Amino acid sequence: MPLDVDAIIERMPERQLLWLDTTDSTMWDAQRLAEAGCPAGTIVGAEEQTAGQGRYGRRWHSPPGTGLYFSLVLRPKLPPETMPLVTMALGLAAGEAIAQTTGLTPDLRWPNDVLLNGRKCAGILVQMHGAAVIAGMGLNVNQVEFPEEIAAIATSMRREAGLGQERETLLIALLESIDRHVQLLTASGKEPILRLFTQASSYVLGRRVMVDQGDRVLIGTTAGLDANGFLLLDQEQGGRSVIMTGGVRTLS
Ligand code: BTN
């Protein structure tokens with residue numbers, strides 16, 4: 001069933017919401033809207049994406065009618081160096097909304113993955129576009145299967161809860177939670193988001209991980225976040241590194 005857009009508008013009448021049947025990527029739709037001067041908080045989503053973008057140029061699997069794929073245009077009054085914190089605020093919001101809607105207990109993997117039972121169920125892609133921030137979110141809600149190449153690492157809320165989930169309820173909870181967390185960052189600065197993320201993520205402190213940075217792989221134990229939201233890693237070969245980018249994978 002397509003998303004009941006009227007139900008969302010009824011709960012959030014002041015929100016600019018555009019919901020498409022199909023698109024290549026909502027990131028491009030949102031960029032066009034931002035360029036045209038849309039208000040902060042504008043959201044563009046689609047039932048299906050034919051070229052959904054993930055981090056590092058990867059594709060985001062976006063089959064019709066089963067997930068939530070949308071991009072949000074934010075215009076936060078924040079300096080560019082706080083973008084990692086915006087990503088964390090969105091991750092916190094996704095975790096909170098998923099927990100509230102499904103009763104499951106999500107984990108957050110720095111910097112932007114939401115996991116259920118160790119597998120990814122949601123991802124966040126934040127891009128600067130002029131003065132606007134385009135925040136893309138992809139949530140696996142009711143998928144029952146995944147393509148072979150991601151089958152071992154992806155999951156959906158339906159698979160983990162053993163029950164189909166109402167996308168409208170989840171989207172409303174998520175948008176409300178995003179508003180709260182972005183507001184918290186804008187009003188109170190980085191510290192509360194860093195604290196909340198550290199509490200919500202089993203990856204931030206004391207976890208043995210591998211960090212794939214493309215040209216090199218680091219192995220060590222996580223040692224918290226620095227003041228900018230970067231991950232600290234005590235490397236096995238000695239020394240502490242500040243991880244600004246890279247794919248973090250758990251090691252036993
Ligand atoms: C990641 O974890 O790699 C980020 C995934 C982000 C996917 C979302 S789906 C909606 C929006 N449109 C896109 O093309 N990508 C983001």
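The second largest pocket of this predicted model has a volume of about 340 Å³, where a pocket is an open set of points on a 1 Å grid over the protein atoms alone, with protein on both sides within 12 Å along at least five of seven lines, and a volume is the space filled by probe spheres set on the points, which are joined across faces, edges and corners. Its lining, meaning residues with an atom within 4 Å of a point, has 16 residues, of which Arg55, Pro84, Thr87, Pro111 and Met244 lie nearest the centre. The largest share of this lining, 4 residues, comes from H3; helix H3 (83-102) and E6 each supply at least two residues, helices (H or I, at least four residues) and strands (E, at least two) being DSSP runs numbered from the N terminus.

The largest pocket holds about 730 Å³ of space, and its lining has 44 residues, with Arg58, Arg59, Trp60, Asp113 and Lys120 nearest its centre. E6 gives the most to this lining, with 5 residues. The table sets out the classes of residue, in which Ala, Val, Leu, Ile, Met, Phe, Trp, Tyr, Cys and Pro count as nonpolar, Asp, Glu, Lys and Arg as charged, and the others, Gly among them, as polar.

| Group of residues | Nonpolar | Polar | Charged |
|---|---|---|---|
| Lining of the second largest pocket | 11 residues | 4 residues | 1 residue |
| Lining of the largest pocket | 17 residues | 17 residues | 10 residues |
| Shell around the ligand | 7 residues | 10 residues | 3 residues |

The ligand sits in the largest pocket, in the sense that more than half of its atoms lie within 2 Å of the grid points of that pocket. Elements that give two or more residues to the shell around the ligand are helix H2 (26-35), strand E3 (68-74), strand E6 (119-129) and strand E7 (132-139), and the largest share, 4 residues, comes from E6. Of the 20 residues around the ligand, those that come nearest are Ser25, Gln49, Gln53, Arg55 and Lys120, a residue being near if one of its heavy atoms lies within 4 Å.

Two of these residues have a polar side-chain atom beside an oxygen atom of the ligand, at 2.7 Å for Ser25 and at 2.6 Å for Lys120. Taken alone, the ligand exposes 410 Å², of which the protein buries 98%, with areas from the Shrake-Rupley method and a 1.4 Å probe.

Residues are numbered from 1 along each chain as its sequence is written, and side-chain values use heavy atoms, without hydrogens and water. In this predicted model, local features need pLDDT of at least 70 and side-chain atom pairs count only at pLDDT 80 or more, whereas totals for chains, interfaces and linings use all residues.

Technical notes: Polar contact = N/O pair within 3.5 Å; in protein donor to acceptor, adjacent residues only side chain to side chain. 1 Å grid on protein atoms, 1.4 Å probe; cavity = no way out; pocket = protein on both sides within 12 Å on 5 of 7 lines; lining within 4 Å.
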